[in-house]
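Colleague: Please take one part of this model and go through it closely, residue by residue where that helps. After that, set the part against the rest of the chain.

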Amino acid sequence: MARPAEKMAQLEAALEKKDQEVKVLQLTCRRLEDEIQQLRGKVDEGFESSDAKLETAKRSLEDRMNVIEGASWSGRLTSKFLTACERLKSTPDVGILFALTTGSKTISSDTINELQCVALSEILRTQDCRIEVVELAHSDLGVRSTVMLSQTLAMNANLRTINLASCNIGAAGALALWHYIKATKAPLEVVDIRDNNVGLGRVVEGMEQALLQKPSIRAVGFDFSRDALIEASRLVAEDPERYHLHSPSLLDVSGCNITDQDAPAVVSLLLRISVTSSINLCNNELTDYGADLLMTVLDANDCIEAIATAGNHCQAAILVRENDTRLNVWACLYPSHTVHFEYQTDFDDAGIMYFLGTHGRTRPYQNPCKSGQVLVSSSEGKVKQQYAAVVGRERQGCAIYYKQHTWFCIDFGSGRSVAPSAYTLRHGREDGTDALRNWELQGSTDGKAWTTIKTHEADPGLTGAWSTCTWLLDANPSVPKGYQMLRVRKTGLNSSGKEHMHLGGFEVYGDFFFE
């Protein structure tokens, strides 16, 4: 049994231990209080720093306003101007603010919105505004914003350049612009509204009236379209160096009664086009004289790729540079990218193979295989003659011997296809033997899956030396744009009871599609 003295010693030791724990807790509390105090100090410093930053930003804004007032305006600041500046601060545009804060005489932006345009219009109306150049090309202004900007011209006396190219200004916006240009006192020198698709006759007429009253305008960029060709041509012919034109990639002015008398003015206009274009002048009243004048455009302006003249009183169906075989030349003649061919007689000049052999009726005929317009191939087997004979017009044959299920294939090339309505074959032997009797005409879009278009069994159509025959074909609604490849596939013995396959010509009719 423990003595009282020992118990007392144990109690004292326990109390001492508790005292030490209390001291540790007290130290921890003081340390936490110090950390809290430090954090409070940092928070206070942060608030003071934020206040300082806010004050600096406020002074910067005041300085900016002072720069605006002193650099761009001298004197009175109207309430409209201050309201406009407030609008710009609420939806800032970097290009506009840069001009205003640096005293620049040029405002340039391609992102301006309608609210900013309202503000800009108010600023340009302000008395003593010194802005001389407004470059807003490629902004999506729209008609309403364009009209607002145009109205400022009646009150602005300093603008020299307005560039609204590719801004979707609309015909109403273009008309408003030219209307207010007539009334402005500003010394305008450059006005550019190209690539807005507003080349209508009434817009060109409004432009002409404005330019008569503003001789200070030395450079004009504008669109023109089908109904404004003659008016625009006459205008440009009077002062060619004044105009810079934009036209669609295919300018279709067919059937506009353009004569040789109009040709010099049309040439003046086409020489000023600065965007790659093809011109469709089909079905007008041009003779060889007018065509010769138009040919000078191709010699002088690389932007014009081709000029279609089919249906005129001239010999050429299309004017192209020598050795120019670009496919988009055909687009000038055939804007729908589709050409229809009707059968008349065997191996006439109305078929697709002849069309390809003449590069779309633009040059003398050459075998389309030799000129690279089509690719001819065959199944495995010995080929005695050249493949070109398969699609040729001469009496020359191509043959495959001693093989079953042989075939010749015509590939029209990527981006081209044929929906056939009739086709013609020529036997490929001078003695008339070994003529086809059993075969199929097949079509494919990829060279892998083949569709049988017509089946021939014991067909006597090809009889005699170099004999020809034509067969009509049913349309296939499941393949509206036809096939990139056609092939003649032998399925049985020939007229001599042999496996030989002779072919000396192929022509096809129907719809020809090209990209």
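**A hairpin and its surroundings**

Modeller: Strand 16 and strand 17 form a hairpin, and six residues lie between the two strands. G447 sits in that turn, with a positive phi of about 80°. The model is a predicted one, and what follows should be read as a description of that prediction.

Start with the pairing inside the hairpin. Strand 16 covers residues 439-444 and runs antiparallel to strand 17, with five bridges joining them. One position to look up on screen is L441, whose bridge partner in strand 17 is K454.

Strand 16 also pairs with strand 19, residues 485-490, through six bridges, again in the antiparallel sense. Here W439 stands opposite K490 of strand 19.

Now the surroundings of strand 16. Six of its six residues are buried, so the strand is largely enclosed by the rest of the structure. The side chains divide between two directions: W439, L441 and G443 point one way, while E440, Q442 and S444 point the other. Both sets are buried, and the second set includes a glutamate, E440, and a glutamine, Q442. To be called buried, a residue must have a relative accessible area under 20%.

The hairpin belongs to a wider sheet. This sheet is open and has five strands, in the order 12-14-19-16-17, with antiparallel pairing. Its edges are strand 12 (375-378) and strand 17 (451-456); each has a single partner strand, so one side of each is left without a neighbour in the sheet. On average, neighbouring strands here are turned by 15° against each other, direction ignored.

Two loops lead into strands of this sheet, and one residue from each is worth a look. N367 belongs to the loop that connects helix 12 (352-357) with strand 12. N367 is buried, at a relative accessible area of 7%. A polar atom of the N367 side chain lies 2.8 Å from the backbone nitrogen of C369. Leaving aside residues up to four places away in sequence, N367 touches A388, V391 and G392.

K481 lies in the loop that connects strand 18 (468-472) with strand 19. K481 is exposed, with a relative accessible area of 53%; the cut-off for exposed is over 50%. Residues up to four places away again left aside, K481 touches S417, V418, A419 and F513. V418 is 63 residues from K481 along the chain, yet their C-alpha atoms are separated by 6.6 Å.

F513, one of those contacts of K481, falls within strand 21, residues 505-514. Strand 21 pairs with strand 11 over four bridges in the antiparallel sense, and the bridge partner of V339 in strand 21 is F512. Strand 11 (residues 338-341) has V339 and F341 on a covered face, with T338 and H340 on an uncovered one. Unlike strand 16, where both sets of side chains are buried, strand 11 has one face uncovered.

For a second sheet to set beside the first, take strands 7-8-9-10, in that order: an open sheet of four strands with mixed pairing. Strand 7 (250-252) and strand 10 (318-320) are at its edges with a single partner strand each, so one side of each is left without a neighbour in the sheet. Neighbouring strands are turned by 15° against each other on average in this sheet, direction ignored. Within it, strand 8 (residues 277-280) and strand 9 (residues 304-308) run parallel, joined by four bridges, and S277 stands opposite I304 of strand 9. Helix 10 (residues 288-300) lies across strand 9 and strand 10, at about 165° to strand 9.

I307, within strand 9, is with W178 and F222 among the residues that touch the most other members of the largest nonpolar core, a group of 64 residues. A second, separate core has 41 residues, including W330, M353, I400 and M501. In soluble globular proteins, nonpolar side chains tend to be buried together.

Finally, the protein as a whole. It has 12 helices and 21 strands, and 46% of its 515 residues count as buried. Of the contacts between residues at least 6 apart in sequence, 75% join residues at least 24 apart. The exposed area is about 25,700 Å², with carbon and sulfur atoms supplying 51% of it.

Methods:
Residues numbered from 1 in each chain as written. Predicted model: local features only at pLDDT ≥ 70, side-chain atom pairs only at ≥ 80, totals over all residues. Heavy atoms only, no water. Pairing = 2+ DSSP bridges. Axes fitted to C-alpha atoms, helices over the stretch in contact; angles between N-to-C directions. Buried < 20%, exposed > 50% of the residue type's maximum accessible area, 1.4 Å probe, protein only. Polar contact = N/O pair within 3.5 Å; in protein donor to acceptor, adjacent residues only side chain to side chain. Contact = heavy atoms within 4.5 Å. Core = buried A, V, L, I, M, F, W, Y, C linked by side-chain atoms within 4.5 Å. Areas by Shrake-Rupley, 256 points an atom, 1.4 Å probe, with all protein chains shown as cover.
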